[in-house]
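User: I would like to learn how to read helix packing and burial from a set of coordinates. Could we work through one case together, step by step?

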Amino acid sequence: MARSTTAQSQNFMSTSLESKRGTFNKHPDFNKKILVVEDEAAMLQTLRYNLERSGYNVVTAGDGRTAVAMAQREQPDLVVLDVMLPVLDGIEVCKEIRKSSSVPIIMLTAKDQEIDKVIALELGADDYVTKPFALHEFLARVKARLRRRNPLAQDRDRAIALGDIVLDPARQHLTVRGKDVSLAPKEFALLRVLMENAGRVVTRQTLLDKVWGYDFEGEQQTVSVHVRWLREKIEQDSRNPRHIITVRSRGYLFKE
């Protein structure tokens, strides 16, 4: 996708100069592999330079189709993904990656791409950074996303079977009453939190924090909308739910 780069390149150059003056210390997450997907050479060079200085291993792609292939081949610990890309845009890349991986994805968006931000988050992106941005903010978000990946994730990825519902996080697969059910990434994550806390009330704020992230700036109504969509897919009667119960003024409770 073609676009004007003059103004952005100026921002990237100032960012690059700032990065060369600063000093970034390595931290416990060094040697993690990060896939950076960006078609603008100046931006790609700046991100790669600073991520490598911070101790990360960096692989890159300049278009969407290559990014999908590299995500499958390289198995990165995190993906930094620009929305506007040639061949296949960032939204489609995010969708393709989410079909087989739960790797954290940070989207890079422009100020006028508000709709793209919403779509990206709904499709399973974990965070977004708006251009132009300060390098320290970007690096802090990268560090935060990597730290949120629990080192005991393999144990937590075991299948959860409650009554006639079986959720398999490792395969991103859901079975309800013996039938396969397709869920969007956020729906899957939401159901997982509820099932992991079966029998306990989970507040809307807790669900926002765990599923959408602590820095999510949307409304709590987002949770209610996704709960309604979940009920339509897993309940026999979505208007009289048996599994996902609303606890008024508190949140939601999952029952077998």
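**Reading helix packing and burial**

Analyst: Helix 9 and helix 10 are roughly perpendicular to each other, and since this is a predicted model, that statement describes the predicted coordinates.

User: At what angle do helix 9 and helix 10 pack, and how far apart are their axes?

Analyst: The class follows from the angle, because anything from 65 to 115 degrees counts as roughly perpendicular. Here helix 9 (residues 204-212) and helix 10 (residues 221-234) pack at about 80 degrees, and their axes lie 9 Å apart.

User: Which residues of helix 9 and helix 10 make the contact?

Analyst: Helix 9 contributes Arg204, Leu207, Leu208 and Trp212, while helix 10 contributes Thr222, Val223, Ser224 and His226. By residue class, this contact of helix 9 with helix 10 is made up of four nonpolar, three polar and one charged.

User: Which residues of helix 9 are buried, and what covers them?

Analyst: Burial is read from relative accessible area, with under 20% as the cut-off. In helix 9 the buried residues are Arg204, Leu207, Leu208, Asp209, Val211 and Trp212. The elements that cover them include helix 6 (135-147), helix 8, strand 10 (201-203), helix 10, strand 11 (244-247) and strand 12 (251-254).

User: What follows helix 9?

Analyst: The residue after helix 9 is Gly213, and its phi is positive, near 105 degrees.

User: How does the span of helix 8 compare with what it should be at 1.5 Å a residue?

Analyst: One compares the expected span with the distance between the end C-alpha atoms. For the twelve residues of helix 8 (residues 185-196) the expected span is 16 Å, and the end C-alpha atoms are 16 Å apart, so the two agree.

User: How many of the residues of helix 8 are buried?

Analyst: Nine of the twelve are buried, which means that helix 8 is mostly covered. Those residues are Lys186, Glu187, Phe188, Leu190, Leu191, Arg192, Val193, Leu194 and Met195.

User: Is Glu187 buried or exposed, and what does Glu187 touch?

Analyst: Glu187, which is found in helix 8, has a relative accessible area of 4% and is therefore buried. Leaving aside residues up to four places away in sequence, Glu187 touches His226, Trp229, Leu230 and Lys233.

User: How many helices and strands does the chain have, and what share of its residues counts as buried?

Analyst: The chain has ten helices and twelve strands, and 45% of its 256 residues count as buried. Among contacts with a separation of 6 or more, 61% join residues 24 or more positions apart.

Notes: Residues numbered from 1 in each chain as written. Predicted model: local features only at pLDDT ≥ 70, side-chain atom pairs only at ≥ 80, totals over all residues. Heavy atoms only, no water. Helix = DSSP H or I, 4+ residues; strand = E, 2+ residues; numbered from the N terminus. Buried < 20%, exposed > 50% of the residue type's maximum accessible area, 1.4 Å probe, protein only. Contact = heavy atoms within 4.5 Å. Expected span 1.5 Å × (residues − 1). Axes fitted to C-alpha atoms, helices over the stretch in contact; angles between N-to-C directions. Parallel < 35°, antiparallel > 145°, perpendicular 65-115°, else oblique. Nonpolar A, V, L, I, M, F, W, Y, C, P; charged D, E, K, R; others polar.
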